[in-house]
Each structure stands twice: as C-alpha cells, then as structure tokens.
Amino acid sequence: SSRAASARYETTIFALFLLAIASSLLLTSASRPPRAVTGILSGGGRLASRGAASWMRAASGSSSARALADGAVAHGELLPAELVARVPHREKLVLSFVLAFLEANALPAQLLVNGGYVRDLLLGSVPDDLDLSLCLRECDPAVTVATVMHGLPGFALERPELNVSSVTITTILSDASKDKNVDTAKAHLVVGSPPERIEVDFMPTIGEETYDEFNRVPERDVRGTPEQDALRRDLTIGAMLLHVFQPRGSGPSGGGGAAAPEAAAEALQWRLLDFYGGLADLQRRVLRSPYPAGADASLVLASVLRYAEERELARKMGLLPSDGAAGSPARSDSPAPAGAAGEGAEALQVVWWIKVLRDDPLRVLRALRFSAKLGFQLHSSFWLAVPFALSSLQSKVAGSRKKDELVKIARAGREPLLTFLDLSFGFPLPNATCGGGGGEKGPGGPADTT
C-alpha cells in the first residue's frame with residue numbers, strides 16, 4: 001500500500017540520517033586522535049551480538065557450517081560436493097564458457113572466483129555478485145583482461161552450443177583508473193534457456209599496489225600471483241579464492257571425449273586457496289586483515305608511518321617507544337591471529353592493518369558494515385589502526401562512495417543498523433522502533449532518547 005511504502009521510505013531516510021551522523025563523528029574525530037581512540041576502543045571487544053544471534057540460527061544447521069566444523073574444507077583442497085551444489089547452474093555455465101574460451105585460444109591463464117562470492121558460499125548463503133580474476137602471469141605480455149574481453153562476444157556466436165547466447169562488455173573504470181591502466185571490465189552474459197542475463201566483473205590477479213596520499217586508485221602490477229592478489233584484500237574472509245578448472249578431457253572443447261556443455265559445467269572442480277587464514281576466521285567469527293607473515297614489522301612500520309604527526313599518534317597510542325624512533329613497535333597486547341605465534345606476529349597484524357586502512361580508508365566503513373551485518377567481532381588491531389585512516393577517509397574518499405556504504409548497511413535491516421551505530425558511537429544505542437512512541441529496553445539498558 002502507499003502508506004506502507006511511505007513508512008519504508010521514512011525509515012530508510014531516518015536510517016541514512018543516523019548513519020550520516022555516525023560517519024560525521026568518525027571524520028571530525030580525526031582532529032583529536034587520542035580522545036577518539038578511547039571512544040572507539042570501548043566498542044572493540046564486544047561481539048556484534050544482535051547480528052550474530054540471527055546469523056548463527058540460520059547457519060548452524062547448514063551443510064556449509066558442517067563442512068567448516070568437520071574440516072572438510074581446507075587450503076589447497078577441492079570443495080566438497082555439498083558446497084559446489086550451492087552454486088547456481090547458470091553461473092557454472094558462465095565459468096565453463098570462459099574456460100572453453102581460454103582453452104580454444106591456448107591461453108595458460110588460471111580462472112579464479114574471488115571476494116564475497118567465496119565467503120558467502122562458505123557461510124551457507126546463496127552467493128551472488130560473481131567476481132572473476134584471471135592470473136595471466138604465464139601468458140604472453142600482449143594478453144590482458146581487455147584482450148580476453150574483446151574475444152568473448154565473438155566466441156559466444158561461434159559456439160552457441162555452450163549456452164551463452166551473447167556477451168556485452170562494459171568497462172567500469174573511473175578516469176583515474178584509466179590513467180593508471182587498471183585492467184578491469186564488466187560483462188553481461190545471456191545464459192541458458194530461458195535466457196537469463198548474468199553480470200560478471202573481471203580483473204587480473206594483482207601484485208604490488210602503490211598508493212599516493214590523494215587518491216584511492218593505486219598503481220598496480222597486473223601480473224601478480226593469486227597469493228599476492230589475496231594479500232591486497234582488506235579482510236581475510238574476503239581474501240579467499242576458488243581456482244575453477246575442468247578435469248582433463250571433461251570440458252566442452254575437449255575434443256572427441258568432450259562432455260556436453262551442461263555436463264561440463266557440472267563437472268567443474270573448485271580448489272580453495274586460503275593463504276591468510278580466512279577459514280579459521282570464519283570459524284572464529286573474527287574480522288581482521290590479511291598480513292604477510294614473513295615481513296619485518298619494524299620495516300613495515302617505518303614505511304607506513306611516513307609523517308611526523310603519524311609517528312606522534314603512534315607514540316601516544318603505545319605503538320612506538322617514547323623516543324620516537326619508527327623502529328620496533330612497542331605494543332604487544334593484542335591477541336595473535338589464528339596461526340600466528342609471538343609478539344612479532346601481533347605487532348605485524350596491527351601495522352599491516354594501519355597500511356590497509358590508510359591505503360583505502362573506505363575500508364573503515366566496510367569493516368564496520370561487515371561486523372554489523374555478519375555478527376563478527378572486529379579484531380582488536382582494527383581499533384588501533386582506525387585513527388590513522390580518519391584524515392584520509394575525509395580527504396581521499398568521494399562522498400558518493402561513503403554514501404554507498406551507508407545505504408548498504410541501512411538496507412541490511414534494523415538489527416545490523418543498530419549494531420553499526422553501536423560500533424560507530426562506541427556505546428549501545430536505544431533499541432527503539434523508528435517512528436514509534438516510547439522506547440524499548442535495549443541491549444545496554446533502558447531506552448534513553450538523548
């Protein structure tokens with residue numbers, strides 16, 4: 001009804017208004033870092049319990065949860081059949097089509113599913129937003145994601161039996177990205193019968209990234225390894241990859257023994273690549289950044305803290321000794337991440353997350369959003385790293401990108417929204433119904449409209 005639609009609209013506007021206030025508080029706190037740190041640290045040790053409860057009820061009995069608990073999923077191993085069965089068949093057709101193109105053109109590229117798709121599949125959710133990476137390290141230097149994209153539309157016309165009737169390529173590059181030759185594309189593939197349009201993002205596996213202080217778009221090595229590509233991600237649970245391939249002789253282009261396209265799509269094999277402990281963090285329900293376990297924390301810290309004001313902030317937070325040298329980190333009270341041992345790993349986790357958030361400050365809002373939405377606890381190193389990113393969050397990130405993050409959490413529902421605000425403000429907010437008269441008792445005590 002129009003009345004219900006109006007109420008939903010007002011609720012969304014109210015949610016966005018509150019989120020804008022929370023974001024504004026984070027931004028304005030950059031001018032008084034030590035005080036801001038004490039505020040956000042108060043929220044760092046709490047579980048996002050409201051979101052966690054609903055997620056655990058939904059996921060506890062799923063085949064994905066059982067597979068994680070039983071250790072049936074591991075780095076370098078094939079996904080069990082019950083997880084592969086969750087992948088929609090038409091998306092398997094897309095992957096089989098891309099693999100057939102690579103084989104037909106003798107391109108020795110690895111096809112990898114990345115990001116949130118892998119996380120959601122392992123969590124037992126229906127995965128969406130199919131994002132693919134191509135590892136082109138073994139290919140001729142002339143082969144790029146752009147040249148692969150150029151060949152896909154014609155290949156669909158040549159091979160109609162593959163059940164991809166058309167491919168439309170749309171670039172998704174900003175002007176800054178084009179200037180830095182970021183090789184990324186979006187494709188719309190019409191798949192199956194009846195036809196269905198599926199949107200897929202393609203990019204190369206990326207190696208070293210170099211950021212400057214004025215722009216979120218880095219200079220990139222587009223011939224990176226899968227392990228290097230995973231390291232550049234902001235969270236371990238989003239840094240896992242699935243290497244998708246056809247068993248020998250089972251692909252639709254496999255000659256005399258080739259399988260029918262439908263059977264070839266179902267025969268795909270999926271190998272999990274988990275270089276930085278994302279599986280363990282899914283089980284522990286913790287959000288943290290990947291970090292290079294073999295790196296020297298002192299060298300990383302010296303490269304990350306480039307300015308005097310950053311080193312002063314680090315001293316006030318106990319991350320540097322009082323003599324001011326950007327050498328060995330002083331703090332060692334954060335719990336070590338899964339698989340890490342000793343003080344060096346603890347310090348490196350903090351230092352690397354400073355780098356991760358400072359390189360792309362929008363990740364501050366992303367981490368808060370995922371904590372609220374999934375009910376995962378933010379690793380304590382996050383709260384130590386946030387103050388170093390607040391100034392860049394204000395100066396480097398376009399308002400439209402910040403708005404997108406805020407809209408996403410507003411759409412996630414009331415409980416994740418309240419949890420997000422709880423994390424942002426540093427204390428529980430009233431659990432009041434939007435537009436209702438009178439408050440409810442929330443998780444922090446009686447409702448307080450102030």
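1. At 3% relative accessibility, K92 is a buried residue. The following points concern a predicted model. The side chain of K92 forms a salt bridge with that of E266, with an N to O distance of 2.9 Å. The two partners come from distant parts of the chain: K92 belongs to helix 6 (residues 89-104) and E266 to helix 11 (residues 261-266), with their positions 174 residues apart. E266, in contrast to buried K92, is partly exposed, its relative accessible area being 40%.

2. Over the whole structure, the search returns 16 salt bridges. One of them pairs the side chains of R119 and D120, at 3.2 Å from N to O. R119 is buried, with a relative accessible area of 11%, and D120 is likewise buried, at 13%.

3. A further salt bridge links R159 and E161, whose closest N and O atoms are 2.3 Å apart. The arginine R159 counts as buried at 18% relative accessibility, because the limit for that class is under 20%. E161 counts as partly exposed, at 39%. Elsewhere, K186, E199 and D201 are joined in a network of salt bridges.

4. How are helix 6 and helix 8 arranged where they pack? Their axes lie 11 Å apart and make an angle of about 105°, so helix 6 runs roughly perpendicular to helix 8. Helix 6 contributes F97, A100, F101 and A104 to this contact, and helix 8 contributes V148, G151, L152, F155 and A156. By class, these residues comprise eight nonpolar, one polar and no charged.

5. A156 deserves a separate remark. This residue is placed in helix 8 (residues 145-158) and is buried, with a relative accessible area of 2%. Apart from its neighbours within four places in sequence, A156 has contacts with F97, V164, S166 and V167. F97 is also among the helix 6 residues that meet helix 8. The C-alpha atoms of A156 and F101 are 9.0 Å apart, although the two residues are separated by 55 residues in sequence.

6. Helix 16 (residues 362-374) and helix 19 (residues 399-411) form another packed pair, with an angle of about 5° and an axis separation of 10 Å. The two helices are therefore roughly parallel to each other. On the helix 16 side the contact involves L362, L365, R366, R369 and A372; on the helix 19 side it involves R401, K402, E405, L406, K408 and I409. Five of these residues are nonpolar, none is polar and six are charged.

7. Is R369, within helix 16, buried or exposed? At 7% relative accessibility, R369 counts as buried. With residues up to four places away in sequence set aside, R369 is in contact with E405, K408, I409 and F420. Of these partners, E405, K408 and I409 are listed on the helix 19 side of the packed pair.

8. S289 is located in the loop between strand 10 (286-287) and helix 13 (297-304). Its relative accessible area is 0%, and S289 is accordingly buried. The side chain of S289 makes a polar contact of 3.1 Å with the side chain of Q349. Beyond residues up to four places away in sequence, S289 touches D234, L235, T236, Q349, W352, W353 and V356.

9. The peptide bond between S193 and P194 is cis, with omega at about 0°. P194 is situated in the loop between strand 4 (185-191) and strand 5 (196-204).

10. Two residues other than glycine have positive phi values and may be inspected together. A106 has phi near 50°; this residue lies in the loop between helix 6 and strand 1 (110-114) and is exposed, with a relative accessible area of 66%. N163 has phi of about 70°; this residue is found in the loop between helix 8 and strand 3 (164-171) and is partly exposed, at 25% relative accessible area.

Notes: Residues numbered from 1 in each chain as written. Predicted model: local features only at pLDDT ≥ 70, side-chain atom pairs only at ≥ 80, totals over all residues. Heavy atoms only, no water. Salt bridge = Lys/Arg side-chain N within 4 Å of Asp/Glu carboxyl O. Helix = DSSP H or I, 4+ residues; strand = E, 2+ residues; numbered from the N terminus. Buried < 20%, exposed > 50% of the residue type's maximum accessible area, 1.4 Å probe, protein only. Axes fitted to C-alpha atoms, helices over the stretch in contact; angles between N-to-C directions. Parallel < 35°, antiparallel > 145°, perpendicular 65-115°, else oblique. Contact = heavy atoms within 4.5 Å. Nonpolar A, V, L, I, M, F, W, Y, C, P; charged D, E, K, R; others polar. Polar contact = N/O pair within 3.5 Å; in protein donor to acceptor, adjacent residues only side chain to side chain.
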